Amino acid sequence: VRLAVGGVFLWFGLDKFVHPENWFGWVPTWIWPLLPSSPTTFMMLNGAFETAIGVLLIIGRFVRLASLAAAVFLVSSTFMIGVNEVTLRDGAMLGGCVALIIHANARVRQPLSDGLMRLMLSAYAIFVFVTGVMYLR
C-alpha cells in the first residue's frame, strides 16, 4: 500500500514539473485569482509537495506524517474540485493513507489513541458514503 500510494503521488508530482499546463484544468477557476503566483509556479509547488510525499512513502520514512499529509491533500482536493470521476481513485488512495497511518501507528513511540483511530476510520467511512451519494445523484 505504501509503495502504491507513494508511486501515484510521485508520478503525479513529477508530471506537474514536466507538464504543468495539463493540470490547470483540475484547479477551480475561483482559485486562480487568489494565488500569489503564476499557475505554472503553483503547479510546480504542488508537484514538489506531491513528490516529497511520494518519496517519503516509497523509502518508508515518516510514513505516518506523509500519509496524514497525503490524506489531508486528498480530502481538500475533493472539497475544492468537487465530486467527479476521479473521486473514486482519490477515495481509494485515502483509504490506503488511513491504513498506512494505522499500520505506522503501531511502530511509533507515541501512538494515536484508540478513540482518535476510531474517529479517523469513521470519518473515512462517512467520506466514502457522502462522496458516493453525491457522485450518483
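These legends go with close-up views of a predicted model.

**View 1. The main nonpolar core, shared among four helices.** The largest nonpolar core in the model has 16 residues. Phe9, Leu57, Leu74 and Cys97 are the members with the most contacts inside it. At least two residues of this core come from each of α1 (2–18), α2 (39–59), α3 (63–81) and α4 (87–105). Helix α3 gives the most, with six residues. In soluble globular proteins, nonpolar side chains tend to be buried together.

**View 2. The surroundings of Cys97.** Here we zoom in on one of the core residues with the most contacts inside the core. Setting aside neighbours within four places in sequence, Cys97 is in contact with Val5, Ser67, Ala70, Ala71 and Leu74. Leu74 is also on the list of residues with the most contacts inside the core.

**View 3. A second core, apart from the largest one.** This other core has five residues, among them Trp23, Val27, Leu35 and Met43.

**View 4. Lys16 and Glu50, a buried salt bridge between two helices.** The structure holds two salt bridges, and this view shows the one between Lys16 and Glu50, whose closest N and O atoms are 3.0 Å apart. The pair links distant parts of the chain: Lys16 belongs to helix α1 and Glu50 to helix α2, 34 residues apart. Both partners are buried. Glu50 counts as buried because its relative accessible area is 3%, and the cut-off for that label is under 20%. Besides Lys16, Glu50 touches Phe9, Leu10, Phe12, Gly13 and Phe73, not counting residues up to four places away in sequence.

**View 5. Arg89 and Asp90, side by side in sequence and joined by a salt bridge.** The closest N and O atoms of this pair are 2.7 Å apart. How exposed or buried is each partner? Asp90 is buried, as its relative accessible area is 11%. Arg89, at 36%, is partly exposed.

**View 6. Helix α5 and its buried residues.** Helix α5 runs over residues 114–136, 23 residues in all. From first C-alpha to last, the helix reaches 33 Å, close to the 33 Å expected at 1.5 Å a residue. Met117, Met120, Phe127 and Thr131 are the buried residues to look for in α5. What do the buried residues of α5 pack against? Their partners are α3 and α4. As general background, an α-helix has 3.6 residues a turn, so residues three or four places apart point the same way.

**View 7. A nonpolar patch out on the surface.** Trp26, Trp30, Leu34, Met80 and Ile81 make up this patch, with an area of about 530 Å². Leu34 sits in the loop between α1 and α2. Is Leu34 buried or exposed? Leu34 counts as exposed because its relative accessibility is 62%, and the label needs over 50%.

**View 8. Phe62, a non-glycine residue with a positive phi.** Look in the loop between α2 and α3 to find Phe62. Its phi is about 50°, although Phe62 is not a glycine. The relative accessible area of Phe62 is 55%, so this residue is exposed.

Note on methods:
Residues are numbered from 1 along each chain as its sequence is written. This is a predicted model: local features need pLDDT of at least 70, side-chain atom pairs count only at pLDDT 80 or more; totals for chains, interfaces and linings use all residues. Side-chain values use heavy atoms; hydrogens and water are left out. A nonpolar core is a set of buried Ala, Val, Leu, Ile, Met, Phe, Trp, Tyr and Cys residues joined through side-chain atoms within 4.5 Å. Buried means under 20% relative accessible area, exposed over 50%, partly exposed in between (1.4 Å probe, protein chains only). Contact means heavy atoms within 4.5 Å. Patches are made of residues with over 30% relative accessible area and no salt bridge: like charges are joined within 9 Å, nonpolar side chains (Val, Leu, Ile, Met, Phe, Trp, Tyr) within 5 Å. Accessible areas come from the Shrake-Rupley method with a 1.4 Å probe; for residues, only the protein chains shown count as cover. A salt bridge is a side-chain nitrogen of Lys or Arg within 4 Å of a carboxyl oxygen of Asp or Glu. The expected span of a helix is 1.5 Å times one less than its number of residues.
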